[in-house]
Amino acid sequence: MLPWLMRLLPGPHKRIIALWGKLIEFVGEKVNEHKVDHDPLNPRDYIDCFLDEMEKHKDDTAAGFDVENLCICTLDLFVAGTETTSTTLYWGLLYMMKYPEIQAKVQQEIDVIVGGSRQPSVSDRDNMPYTNAVIHEIQRMGNIIPINLARTTSEDTQIEKYSIPKGTMVTSNLTSVLFDESEWETPHSFNPGHFLDAEGKFRRRDAFLPFSLGKRVCLGEQLARMELFLFFSSLLQRFTFSPPAGVEPSLDYNLGATHCPQPYKLCAVPH
Ligand code: HEM
């Protein structure tokens, strides 16, 4: 927001800007290393593929394939893909401590479908509707990006009676959808039943939008969903999580880059 103003104003954000610069520099070094042995016939990763695109579009400066963009996009993947998934797992373990009966039902499903002799795999997910529903409910209640990311309108836009001029910063309120009282049976309670039909089969819900939607929907949605399933089910396969004796798990949160539970202690007892 107002990047030119932020650069001029003194304050703690200066440190963030400086550290961000260092990270960009680090990625720049990696890009240079890639250039040394880059083989267009054998791209090894995202940086190699981007370098190929740069070569293809070298006469089209408007295409956006330049080193600066490559560094920022590479860093975006790390920034967008780490704290989001870990914060969701923090909420997940917290809710499992708070609702031990739900945790026990997830473990029961894991025991039946996966057993103890192998790790869960993504192909198990379709056979584990309860676990899947619990993960969806963790994401709904966790609501880790409550007002989504800031975007800018690329053209004059009319939404019902509202005219939004080109170049306006807009954010969409994901909280209003994830807790919509006309969509969810018990919007403010942790209830995996939101994602289960009468027969206990998994059911999708249109108002489940933690990854947003549309053209700028989360690029990593499929990866994140895989990670959440694998980490969550593997952890519960091996451990039962409970609060330390005499502690009532608290849903208090910090609101920073994400909506995150306050640091908490848990006991992990082998299952
Ligand atoms: C639980 C995990 C995650 C959640 C809840 C989440 C949520 C979101 C949301 C709400 C947006 C903004 C969409 C919009 O502006 O309308 C977004 C964007 C994005 N996410 Fe995720 N995300 C998660 C994990 C990941 C992962 C694992 C990656 C990749 C490694 C990733 C990469 C991105 C990128 C690159 C964007 C920007 C897309 C663009 O600007 O077009 N995310 N994410």
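This passage describes the overall make-up of a predicted protein model and then turns to one of its helices and to a loop.

In the predicted model, the protein contains eight helices and eight strands, and its C-alpha atoms fill a box of roughly 60 × 55 × 40 Å when the box is taken along the principal axes. Of the 271 residues in the protein, 34% are buried. The accessible surface comes to about 17000 Å², and carbon and sulfur atoms account for 59% of that area. When contacts between residues at least 6 apart in sequence are considered, 64% of them join residues at least 24 apart. The protein carries 26 positive and 36 negative charges, and the mean positions of these two sets are 3 Å apart.

Helix α5, which covers residues 100-113, was examined in further detail. This helix has 14 residues and reaches 20 Å from its first C-alpha to its last, which is close to the 20 Å expected at 1.5 Å a residue. The buried residues of α5 are Ile102, Gln103, Val106, Gln107, Glu109 and Ile110. Seen down the axis of α5, these buried residues fall within an arc of 160°, so they line one face of the helix. This pattern can be read against a general property of such elements: an α-helix has 3.6 residues a turn, so residues three or four places apart point the same way. On the other side of α5, by contrast, Gln108 and Val112 are exposed.

The cover over the buried residues of α5 includes three helices, namely α4 (67-98), α6 (129-142) and α8 (221-238), together with the strand β5 (239-242). After α5 comes Gly115, a residue whose phi is positive, with a value near 75°.

Positive phi values were also found in the loop between α6 and β1 (151-152), where Asn143 lies. For Asn143, phi is near 45°, and this positive value occurs in a residue other than glycine. Asn143 is buried, with a relative accessible area of 6%, a value that falls under the 20% taken as the limit for a buried residue. Asn148 has its place in the loop between α6 and β1 as well. The phi of Asn148 is near 60°, which is again a positive value in a residue other than glycine.

Definitions and conventions: Residues are numbered from 1 along each chain as its sequence is written. This is a predicted model: local features need pLDDT of at least 70, side-chain atom pairs count only at pLDDT 80 or more; totals for chains, interfaces and linings use all residues. Side-chain values use heavy atoms; hydrogens and water are left out. Helices (H or I, at least four residues) and strands (E, at least two) are DSSP runs, numbered from the N terminus. Buried means under 20% relative accessible area, exposed over 50%, partly exposed in between (1.4 Å probe, protein chains only). Contact means heavy atoms within 4.5 Å. Accessible areas come from the Shrake-Rupley method with a 1.4 Å probe; for residues, only the protein chains shown count as cover. Lys and Arg count as positive and Asp and Glu as negative; His and the chain ends are not counted. The place of a charge is taken as NZ of Lys, CZ of Arg, CG of Asp or CD of Glu. The expected span of a helix is 1.5 Å times one less than its number of residues. The arc is that of the directions from the helix axis to the C-beta atoms.
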